[in-house]
Structure formats: C-alpha cells, structure tokens
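Here is a short briefing on how the chains of this assembly sit together. Keep the viewer open while you read.

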4 protein chains.
Amino acid sequence: MPVCQVTVVPLGTGTPSLSAYVADCQRVLARYADLSFQLTPMATVIEGDLNRILEVVKEMHEVPFRRGVHRVSTTLVIDDRRDKPLTMQGKVDSVEEKLAGKE
Amino acid sequence: MPVCQVTVVPLGTGTPSLSAYVADCQRVLARYADLSFQLTPMATVIEGDLNRILEVVKEMHEVPFRRGVHRVSTTLVIDDRRDKPLTMQGKVDSVEEKLAGKE
Amino acid sequence: MPVCQVTVVPLGTGTPSLSAYVADCQRVLARYADLSFQLTPMATVIEGDLNRILEVVKEMHEVPFRRGVHRVSTTLVIDDRRDKPLTMQGKVDSVEEKLAGKE
Amino acid sequence: MPVCQVTVVPLGTGTPSLSAYVADCQRVLARYADLSFQLTPMATVIEGDLNRILEVVKEMHEVPFRRGVHRVSTTLVIDDRRDKPLTMQGKVDSVEEKLAGKE
C-alpha cells in the first residue's frame, strides 16, 4: 500500500489565508475510515489503498470549488514500494533507526 | 478540463538512465486517444477529462513495476480552472501575449 | 549541469489568472544570459549552473511580492546527473530515440 | 520567514531503500542551528531564513553524490507569506483551530 502526499491550493481567493480550505479537506479525509492520514505544515500524508486515495484526492480537490473558488492547483505524490510493506510510521522509524545507529 | 503534469520515477534501478521508462509511459499515453499530451524535459503535460487522466496516471505508475522495479515515485499536479477554458496551448499563448504586449 | 523545473504561484490574488505573473518571471529569466530556459504549460524548465539557477529562482520568487501579493508558493525540482551531460534537449531526444527504436 | 519542504531522491541506487540517504540529510540539517526542521513520512519541513534554507538544500542535494550515486532529484517547495508570521507550528495550529471551531 502506497504512502501519498497531497496539497490542495485554491488560487485567486483574495486572501492569503488557506487554513479554512485545508480544514475542510481534513473533514473530507476523516470520512474515509479505511485511510490513515497525518497533517504536516506543508501537506497531508495519506496511507492506504491507491484507488481509495485517488477517490479522496478527487473529493478534496473539489473543496475549494464548493467554496466559490474558480481555480485549484492540487499536487499528489505517490510513494509505492512493493518488495516490503511501506507505512507512514515505518518510513520515519527507519530514518530514526539510522540516526540512532552507527551507519 | 484540467491541464495536468505527471512524472513517474523508478527508484533503485541500478542505472541513472530513465528514458526507457519514460518512453514506455509515453506509449501508454498514446493509447488514450481522448487525451492530448506533450513531453517536456522534466515531465509530461496532459490535457483532458480528470477521471481519464487519473486512469492513465495509474497505468503509467505501473510501467516501472512491470519492468521489474520495486519502488516508484509518481507526482501529479492538477491545474483546474472553471471560470474559463484551460488548455495547454492557451496557457502558453496567454503568457506570450503578455510578453509581446506592453504590460 | 542540472536541468531544473520551477513554478512560482501567487496566492490570494483575487483573480484566477496568473499569466501576468508568469510573464514577469520570464522577463527576469531573460536577463540571465548564461541560462537556457523553456516555458511549458505547467512550469519553466531551466538548464545551467545550479548556483545561478538558485539565484534566478530567488529573483522569480520575488516577482509576485513586487506586484503586491502577500503569499507566494514556489516549487523547484532539480534533476542533476553527473555520470554524463544532461541537457533539456538531450533528455527529450533520448526518450524519442527509444520511441522510434525497438526497445 | 518561509516554511519550506524538501525531498532529496537518489536515482539508480540499485536498492529501493532510501532511509540511509535521508538520515545523512538529517545530519546535515542538524548542523544548521538557526533552522528548525521536522521529518515527515514524505519530506523534511524546514523553517528559517530563505538564504540559509537554500544553502542547506544545496548541501543536502550533495549527500547522495558523496555516497557514490550518479543522479539526484531534489524538490523544494517554498511557502512564503509576508503579511503575517508563518511558522511550521502556526500553520498546523491554524487548521486545527478551524477543525475544533464552528466554521
């Protein structure tokens, strides 16, 4: 199962504040009980089935349009590894083990 | 209809050359007759229906796995404007008009 | 010498049209005679010395602020290969040779 | 002061595991006492002066080359807001206030 990163950016909003749009996107995500997600200062990280992630990304992409915005720029990064399980926590743990170790 | 940008990057290939993977991705795209696309030095730009673009991106994302790669990083940027038509050519023309004009 | 891709996106502009900002960024780039660049429908591709590219990207990032915008999102992708020369044209040619050939 | 996101991806490594490279990049970052940073499952988020961030990104970009890799793809996103202070923590707090509130 891939780990993905998504940002949904409304353009031409008239205000530089984006947090209301991000909060609405988080509300959409919270309805997908089969996906794990995590908000970072720059993006939202999602773990789960790729088809379901594409579904939720399409729904998140609609959020600013529903609030009256006319242009939206959405970026999705898919990190997909198939020789061993990939998880949000496992990716960070793996780096921290290296940092704690000698390598 | 949105204009999108996609890159499919195979990881751990053993060789820094990626063009064979990119060529295979272009072959996948060429089978989608309802989508227009354009190769740039850094990405592929696609114009068309968003559901169809997500379909082809999923298929392009599988290309390196079919060639034996174990990890793939795919990035998709969706530029979606709904107050007026957006096209690959129109976006570039619009900038070039500004450059040719006085503004 | 790396090949890079840059997008400078003004946020909160009040209008979804971005071409005036993109045109101004192109004018900045045109003053860097030692860099080659190419406008695509989704980004600007630049070829040249990395330090010079970082310099021009910093200057392009200032363009919307100078036009009164309060928030700017700039994305830079650096593709840097050191076992053989990398050029904008060479990258596209390499894919097209694969497409024309049998591989 | 901008909040930035960086990923440094080594290509052609022969193994799909990247955590050793990411750990080395974190070690580079840790030497920049004037920058705050945070590892996410998909990227590293950095807060601080833009010139210093560009300096550390250049140094992080060199990490895989020093380990013998021949091609590196580095992505930097700069989120720069100048009408009010922007911080990693403040960005997340602002979304969480919206989620806790009534809007």
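The points below cover symmetry, one chain-to-chain contact and a shared sheet.

This is a predicted model. Chain A can be laid on chain D by a turn of 180 degrees, and chain B can be laid on chain C by a turn of 180 degrees as well. Chains B and C touch through 26 residues from each. Strands of chains A and B form an open sheet of 8 strands.

**Symmetry of chains A and D**

- Two copies of a chain are related by a rotation about an axis and a shift along it.
- Laying chain A on chain D gives an RMSD of 0.0 Å, with a shift of 0.0 Å along the axis. That is the relation of a two-fold axis.
- In chain A, the C-alpha nearest this axis belongs to A:Thr40, 3.6 Å from it.
- Of the interface residues of chain A, 100% are also interface residues in chain D, so the copies meet through the same surface.

**Symmetry of chains B and C**

- Chain B goes onto chain C with an RMSD of 0.0 Å and a shift of 0.0 Å along the axis.
- B:Thr40 has the C-alpha nearest the axis in chain B, at 3.6 Å.
- The same surface serves both copies here: 100% of the contact residues of chain B recur in chain C.

**The contact between chains B and C**

- Chain B gives 26 residues and chain C gives 26 residues.
- On chain B, the elements that give two or more residues to this side are strand S1 (3-11), helix H1 (19-30), strand S4 (71-81) and helix H3 (88-100).
- H3(B) supplies the largest share of that side, with 7 residues.
- By class, the chain B side holds 15 nonpolar, 5 polar and 6 charged residues.

**The sheet of chains A and B**

- Strands of a sheet pair through backbone hydrogen bonds, either parallel or antiparallel.
- In this sheet, the pairing is antiparallel.
- The strand order is S2(A)-S3(A)-S1(A)-S4(A)-S4(B)-S1(B)-S3(B)-S2(B).
- Which strands lie at the edges? They are strand S2 (36-39) of chain A and strand S2 (36-39) of chain B, and each pairs on one side only.
- Neighbouring strands are turned by 20 degrees against each other on average, direction ignored.

**Inside chain B**

- S1(B) and strand S3 (residues 44-47) of chain B run antiparallel and are joined by 4 bridges.
- B:Gln5 stands opposite B:Val45, which is in S3(B).

Terms used. Residues are numbered from 1 along each chain as its sequence is written. Chains are lettered from A and ligands numbered from 1 in the order in which they are written. This is a predicted model: local features need pLDDT of at least 70, side-chain atom pairs count only at pLDDT 80 or more; totals for chains, interfaces and linings use all residues. Two residues are in contact if their C-beta atoms, placed from the backbone, lie within 7 Å. Ala, Val, Leu, Ile, Met, Phe, Trp, Tyr, Cys and Pro count as nonpolar, Asp, Glu, Lys and Arg as charged, and the others, Gly among them, as polar. Copies are superposed by least squares on the C-alpha atoms of residues with pLDDT of at least 70 in both. Two strands pair if DSSP finds at least two bridges between them. Axes are lines fitted to C-alpha atoms, for helices over the stretch in contact, and angles run from 0 to 180 degrees between N-to-C directions.
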